[in-house]
Amino acid sequence: GDEGRRTIAPALRTMPNLKALGLYDNNIGEEGCRTIAPALRTMTNLEGFGLGDNNIGDEGLRTIAPALRTMPNLKKLFLSDNNIGDDSFAILCSRVLPEISLEYLYLNGNKIGNVGCQSLLELVNNGSLRSLIAFGLRSNPNISSELKEVFKRDWKAKGKDPRYLVF
């Protein structure tokens, strides 16, 4: 809640060498993202970041996206159950994901549809996500079955293990 957001942001600034940060299920929301985003920009050594189940929404993702770009070592990103939709996910795909070398990306239980999924598929196909090993988009009901099949086909064609692609 509010008190936690005000407490965690200054504390994060004192941990620039932190490797993993899990802030799951803390009711961070959009306002909390505005509070923690400046601190996240100082965490350039982060390898794993979990912000799942915080209802950050589209605006929250837009707010933290610039901070994610400052994390060149980020390998694992967990953004499940956050009410993230196509527009903000497309921004993540165009402005953030090509700049970092993610291996694991989980966005289960959001509102991502065909537009967002297509944005990610383009990155897979153009080689921008060659380091990606596993990807989760389970419980995003607005992705067509046809696009899922194309994604699975292209994922496999890139030599990726289909067991680690979850719709």
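These are my notebook entries on the helix packing, the nonpolar core and one loop residue of a predicted model.

**Entry 1, helix α4.** I began with α4, which spans residues 86-96, and looked up which of its residues are buried: Asp86, Ser88, Phe89, Ile91, Leu92, Cys93 and Val96 are. I then checked what lies over these buried residues, and found that the cover includes α3 (57-69) and α5 (114-126).

**Entry 2, α4 against α5.** I took up this pair next and noted an angle of about 10° between the helices, with their axes 8 Å apart. Angles under 35 degrees count as roughly parallel, and α4 and α5 are therefore roughly parallel to each other. On the α4 side I listed Asp86, Phe89, Ala90 and Cys93, which meet Asn114, Val115, Gly116, Cys117, Ser119, Leu120 and Leu123 in α5. Sorted by class, this contact has seven nonpolar, three polar and one charged residues.

**Entry 3, α5 against α6.** I turned to the pairing of α5 with α6, where the helices pack at an angle of about 15° and their axes are 10 Å apart. That angle makes α5 roughly parallel to α6. I recorded the crossing of α5 past α6 as left-handed. From α5 the contact is made by Asn114, Cys117, Gln118, Leu120, Leu121, Val124 and Asn125, and from α6 by Leu147, Val150, Phe151, Asp154 and Trp155. I divided the residues of this contact into eight nonpolar, three polar and one charged.

**Entry 4, the core.** I looked up the largest nonpolar core and found that it has 50 residues, with Phe49, Ile64, Leu97, Phe135 and Phe151 making the most contacts inside it. I noted that α1 (2-13), α2 (29-40), α3, α4, α5 and α6 (145-157) each supply at least two residues of this core. I followed Phe135 further and, not counting residues up to four places away in sequence, found that it touches Leu105, Leu107, Leu120, Phe151, Trp155, Tyr164, Leu165 and Val166.

**Entry 5, Arg138.** Lastly I located Arg138 in the loop between β5 (134-136) and α6. Is Arg138 buried, exposed or partly exposed? I read a relative accessibility of 45%, so Arg138 counts as partly exposed, given that this class lies between under 20% for buried and over 50% for exposed. Leaving aside neighbours within four places in sequence, I found Arg138 in contact with Asn108, Gly109, Val166 and Phe167. I also noted the spacing of Arg138 and Ile112, which are 26 residues apart in sequence and 10.0 Å apart in space, C-alpha to C-alpha.

How values were computed
Residues are numbered from 1 along each chain as its sequence is written. This is a predicted model: local features need pLDDT of at least 70, side-chain atom pairs count only at pLDDT 80 or more; totals for chains, interfaces and linings use all residues. Side-chain values use heavy atoms; hydrogens and water are left out. Buried means under 20% relative accessible area, exposed over 50%, partly exposed in between (1.4 Å probe, protein chains only). Helices (H or I, at least four residues) and strands (E, at least two) are DSSP runs, numbered from the N terminus. Contact means heavy atoms within 4.5 Å. A nonpolar core is a set of buried Ala, Val, Leu, Ile, Met, Phe, Trp, Tyr and Cys residues joined through side-chain atoms within 4.5 Å. Axes are lines fitted to C-alpha atoms, for helices over the stretch in contact, and angles run from 0 to 180 degrees between N-to-C directions. Angles under 35 degrees count as roughly parallel, over 145 as roughly antiparallel, 65 to 115 as roughly perpendicular and the rest as oblique. A crossing is left-handed if the near helix is turned anticlockwise from the far one by less than a right angle, and right-handed if clockwise. Ala, Val, Leu, Ile, Met, Phe, Trp, Tyr, Cys and Pro count as nonpolar, Asp, Glu, Lys and Arg as charged, and the others, Gly among them, as polar.
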